[in-house]
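Trainee: I keep seeing labels like "buried" or "oblique" and I'd like to know what backs them up. Can we go through the reasoning behind each one?

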Amino acid sequence: MRPIPCPITPEELACLVRDEKLTDEDIAGRLPGGTVHRVQSWRKRFSIEALPRWSRNEVTPIEGQLRSLLVGSMLGDGRLVRRVHATHYAERHCGAQRPYLEWKAQVWGPWASPVKDIPDKRGFTQVGMFTCAHELLNEWQELFYAAPDKGWKRLLPRVVDLVDEFSLAIWYLDDGYAGWWPEITFGADDASRQVAFSIFEKFGLHPRWELKVRNTGSFILEREDTAHRFLGIIRPHVPECMAYKLGPFGFQGPHYQIRQKVTADVLREMTASGMPIRTMADRLGVGFATVSRWLRKLEIDHPRKVGRPSRLVP
């Protein structure tokens with residue numbers, strides 16, 4: 001039985017397969033007398049291999065904000081799942097953080113499928129975000145995992161150069177919380193922890209490490225100058241749905257609020273105007289003793305005249 005001739009040239013068939021990325025079914029629909037079996041036979045005759053399914057996924061390059069999101073998420077809650085020839089990204093959160101995952105899905109663009117509910121045997125509400133699989137993610141999976149199919153995440157020194165301010169913000173939004181100080185939970189081996197320290201040092205930050213269980217602990221961004229520097233770095237990159245992670249923090253209690261009011265510049269300006277200490281206290285909403293104590297602490301010379309509160313005080 002004579003083979004059925006292909007109605008187009010081998011070059012044209014190869015173009016449909018490799019350039020237009022059509023399936024055998026799609027090609028059969030374009031050719032007169034075409035069937036899936038015939039297209040498969042023609043490909044085999046001309047040594048044209050079918051494309052893997054993942055290669056037909058239309059994706060964007062992993063660069064710019066998407067690259068920063070991927071790096072920050074891999075420091076945090078993200079997972080890269082290796083298949084045979086391609087890798088997909090996955091992330092889960094509690095149901096309350098659906099808006100956060102939907103925001104991430106927008107950054108992923110054509111990579112991401114809609115955020116969906118994930119069944120949980122414990123009865124909790126969970127949501128998940130997944131991307132399509134693609135070989136572009138293979139190198140990222142190899143960067144963050146020692147094995148292609150299993151194992152804990154790890155950090156290699158070259159990750160430090162990949163972390164920018166946006167990545168740092170994502171790391172905190174994934175694994176951080178507003179305690180007394182900003183804290184980021186971290187669980188990995190000692191070598192990875194040293195890389196994490198290097199990431200903080202890149203931004204002039206020097207957190208304290210507090211070990212809790214096995215390799216898991218917290219990076220604590222204590223001291224007001226460190227906390228303010230950290231929050232100043234990440235604040236422009238935090239979406240509205242995650243603004244609650246920007247505080248208030250425990251260190252921003254009553255004493256902190258007083259320090260924000262009773263600054264050296266404010267006290268010097270009031271003193272220079274000849275304002276009595278009691279009036280200064282009324283204006284600032286603090287006690288007479290508090291103003292007196294800060295005047296002494298800041299070594300601001302004041303005649304210490306005590307007068308009644310001005311009627312002009314709002």
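Trainee: Why is threonine 226 called buried?
Mentor: Its relative accessible area is 8%, and buried means under 20%. So threonine 226 counts as buried. Bear in mind that this is a predicted model.

Trainee: Where does threonine 226 sit, and what does it touch?
Mentor: Threonine 226 belongs to helix H9, residues 224-234. Leaving out residues up to four places away in sequence, threonine 226 touches Leu205 and Leu221.

Trainee: What makes glutamine 106 buried or exposed?
Mentor: Exposed means over 50%, and glutamine 106 comes out at 65% relative accessible area, so glutamine 106 is exposed. Glutamine 106 is part of helix H5, residues 98-108. For a sense of distance, its C-alpha atom is separated by 25 Å from that of isoleucine 184, and the two are 78 residues apart along the chain.

Trainee: Why are H4 and H5 called oblique to each other?
Mentor: Their axes cross at roughly 135°. Roughly antiparallel needs an angle over 145 degrees and roughly perpendicular covers 65 to 115, so H4 and H5 are left as oblique. The axes of H4 and H5 come within 9 Å.

Trainee: Which residues meet where H4 and H5 touch?
Mentor: From H4 there are Gln65, Leu66, Leu69, Leu70 and Ser73, and they meet Lys104, Val107 and Trp108 of H5.

Trainee: How do you know that S2 and S4 pair?
Mentor: Two strands pair if there are at least two bridges between them. Strand S2 (residues 87-94) and strand S4 (residues 126-130) have five, in the antiparallel sense, so they pair. Within that pairing, arginine 92 stands opposite glycine 128 in S4.

Trainee: What order do the strands of that sheet take, and which stand at the edges?
Mentor: The sheet is open, with four strands in the order S1-S2-S4-S3 and antiparallel pairing. Strand S1 (79-82) and strand S3 (116-118) are at the edges; each has a single partner strand, so one side of each has no neighbour in the sheet. On average, neighbouring strands here are turned by 40° against each other, direction ignored.

Trainee: Which helices lie against this sheet?
Mentor: Helix H4 (residues 64-75) packs on the sheet, where H4 touches S1 and S2 and its direction makes about 60° with that of S2. H5 lies across S2, S3 and S4, and runs at about 155° to S2.

Trainee: What about the sheet with S5 in it: what is its strand order?
Mentor: That one is open too, with four strands ordered S5-S6-S8-S7 and antiparallel pairing. Strand S5 (176-178) and strand S7 (208-213) are the edge strands, and each has a single partner, so one side of each is left without a neighbour in the sheet. The average turn between neighbouring strands is 25°, direction ignored.

Trainee: What makes S7 and S8 a pair?
Mentor: With at least two bridges needed, the five antiparallel bridges between S7 and strand S8 (residues 216-220) settle the matter, so they pair. One bridge joins tryptophan 209 to phenylalanine 219 in S8. S7 and S8 form a hairpin with two residues between them, and arginine 214 in the turn has a positive phi of about 55°.

Trainee: Which core residues have the most contacts, and what does H7 give?
Mentor: In the largest nonpolar core, which has 64 residues, the ones with the most contacts inside it are Leu70, Trp108, Trp140, Leu168, Trp171, Phe230 and Ile234. H7 gives the most to this core, with seven residues. Setting aside neighbours within four places in sequence, tryptophan 171 has contacts that include Leu75, Ile184, Phe186, Phe200 and Phe219.

Trainee: How do you know that the buried residues of H3 are on the same side?
Mentor: In helix H3 (residues 36-45), Val39, Trp42 and Arg43 are buried. They span an arc of only 100° around the axis, so they are on the same side of H3. Exposed His37 and Lys44 are on the face turned away from that buried side. Helix H1 (10-19) and helix H2 (24-30) are among what covers the buried residues of H3.

How values were computed: Residues are numbered from 1 along each chain as its sequence is written. This is a predicted model: local features need pLDDT of at least 70, side-chain atom pairs count only at pLDDT 80 or more; totals for chains, interfaces and linings use all residues. Side-chain values use heavy atoms; hydrogens and water are left out. Buried means under 20% relative accessible area, exposed over 50%, partly exposed in between (1.4 Å probe, protein chains only). The arc is that of the directions from the helix axis to the C-beta atoms. Contact means heavy atoms within 4.5 Å. Axes are lines fitted to C-alpha atoms, for helices over the stretch in contact, and angles run from 0 to 180 degrees between N-to-C directions. A nonpolar core is a set of buried Ala, Val, Leu, Ile, Met, Phe, Trp, Tyr and Cys residues joined through side-chain atoms within 4.5 Å. Angles under 35 degrees count as roughly parallel, over 145 as roughly antiparallel, 65 to 115 as roughly perpendicular and the rest as oblique.
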